[in-house]
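Here is an easygoing tour for anyone meeting this protein chain for the first time. Have a look at the picture, and then we can walk through it together.

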Amino acid sequence: MIEYKRRLARLLYEKSYKEGDFVLTSGKKSDYYFDCRVTALSAEGSWLIGTLFNDMLANLAISGVGGMTLGADPLVSSVTVISHIRQRPLNGLLVRKEAKGHGTGQYVEGLANFSRGDNVAMLEDVVTTGGSLLKACERIQDCGLNIAAVCAILDREEGGREAIAAAGFNLLALYTRRELLELAS
């Protein structure tokens with residue numbers, strides 16, 4: 001697993017990590033930006049992310065994974081595909097920022113693959129304040145599902161872990177910024 005983490009760290013650093021002056025979704029200013037979608041949408045990145053998240057979730061009794069669209073879309077897809085290959089199928093959920101304006105008007109896609117009370121893991125690319133991830137968790141719980149794990153690729157260590165803990169969840173992250181930079185070098 002450590003070799004896969006090194007490979008992914010190098011890929012993330014090469015494709016997704018930028019230094020400069022940025023404003024994050026949370027409104028915070030930062031001297032670096034991490035756009036995981038670039039890596040998650042590459043063939044190798046998708047495979048590595050799906051593999052590492054499946055390893056992280058291997059001992060949990062869950063029926064699937066979900067996350068807030070658009071950032072979690074490629075993460076959910078990679079995890080579900082790898083889970084099928086490993087013969088431990090996990091279904092996927094995508095949480096909308098706004099309710100769908102037509103059809104059923106729902107916030108969550110993929111619910112037909114789950115039963116009320118099922119355990120799921122929530123996925124996020126980057127956690128800064130934890131706001132997006134907690135909103136996604138709330139919407140999943142409103143649908144009658146239980147959150148068994150909350151996972152991210154990168155924990156920026158800027159209060160998100162603490163906010164997630166205050167909501168009753170433990171954040172599992174593949175990397176902190178320091179770990180990512182160390183493994184990428």
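Let's begin with the rings. Searching the whole of this predicted model turns up 4 aromatic pairs. One of them is formed by Y4 and W47, which meet edge-to-face, with 5.1 Å from centre to centre and 75 degrees between the planes. If you wonder about that pair of values, here's the idea: two aromatic rings are described by the distance of their centres and the angle of their planes.

Which parts of the chain does this pair bring together? Y4 sits in helix α1 (residues 2-15), while W47 belongs to helix α3 (residues 43-57), so to speak a link between distant parts of the chain, with the two residues 43 apart. Is Y4 buried, exposed or something in between? Y4 is partly exposed, because its relative accessible area is 29%. W47 is partly exposed as well, since its own value is 35%.

There is also a little group of tyrosines: Y13, Y17 and Y32 are joined into a cluster by ring pairs. Y32 has another visitor, as the charged end of R156 sits over its ring, 4.0 Å from the centre. A similar arrangement involves K5, which lies over the face of Y175 at 5.2 Å from the ring centre.

Now for the sheet. What is the order of the strands? The sheet is open and has 6 strands, running β5-β4-β3-β6-β7-β8 with mixed pairing. At the edges you find β5 (108-109) and β8, each of which pairs on one side only. Helix α5 (residues 131-142) packs on this sheet and touches β3 (64-68), β4 (91-95), β5, β6 (119-127), β7 and β8. The direction of helix α5 makes about 160 degrees with that of β6.

Let's zoom in on the β8 end. Strand β7 (residues 146-155) pairs with strand β8 (residues 171-176) in the parallel sense, over 5 bridges. To find your way along this pairing, look for V150, whose bridge partner in β8 is L171, and for D155, which stands opposite T176 in β8. Add helix α6 (residues 160-166), and β7, α6 and β8 together make a right-handed β-α-β unit. Helix α1, the home of Y4, turns up here too: α1 lies across β7 and β8, and runs at about 65 degrees to β8.

Next come some residues in other spots, starting with S78. S78 is found in helix α4 (residues 73-85). Is S78 buried or exposed? With a relative accessible area of 4%, S78 is buried, because the cut-off for that is under 20%. Leaving out neighbours within four places in sequence, S78 is in contact with S46, I49 and G50.

R116 gives us the opposite case. R116 lies in the loop between β5 and β6, and R116 counts as exposed because its relative accessibility is 68%. Not counting residues up to four places away in sequence, R116 touches C143 and G144. How far is R116 from L24? Their C-alpha atoms are separated by 35 Å, and along the chain the two are 92 residues apart.

Finally, the backbone has a few quirks. The peptide bond going from T69 to L70 is cis, with omega near 15 degrees, and L70 has its place in the loop between β3 and α4. Q87 and E157 are two residues other than glycine with a positive phi. Where does each of them sit? Q87 is in the loop between α4 and β4, and E157 is in the loop between β7 and α6. Both phi values appear below, along with the accessibility of each residue.

| Residue | Phi | Relative accessible area | Class |
|---|---|---|---|
| Q87 | near 60 degrees | Q87: 72% | exposed |
| E157 | near 60 degrees | E157: 52% | exposed |

So why is E157 called exposed? The cut-off is over 50%, and E157 has a relative accessible area of 52%, so E157 counts as exposed.

Technical notes
Residues are numbered from 1 along each chain as its sequence is written. This is a predicted model: local features need pLDDT of at least 70, side-chain atom pairs count only at pLDDT 80 or more; totals for chains, interfaces and linings use all residues. Side-chain values use heavy atoms; hydrogens and water are left out. Two strands pair if DSSP finds at least two bridges between them. Helices (H or I, at least four residues) and strands (E, at least two) are DSSP runs, numbered from the N terminus. A crossover is right-handed if, with the strands pointing away from the viewer, the path from the first strand over the helix to the second runs clockwise. Contact means heavy atoms within 4.5 Å. Axes are lines fitted to C-alpha atoms, for helices over the stretch in contact, and angles run from 0 to 180 degrees between N-to-C directions. Rings of Phe, Tyr and Trp (its six-membered ring) pair if their centres lie within 6.5 Å; planes under 30 degrees apart count as stacked, over 60 as edge-to-face and the rest as tilted. Buried means under 20% relative accessible area, exposed over 50%, partly exposed in between (1.4 Å probe, protein chains only). A charge sits over a ring if NZ of Lys or CZ of Arg is within 6 Å of the ring centre and within 35 degrees of the ring normal.
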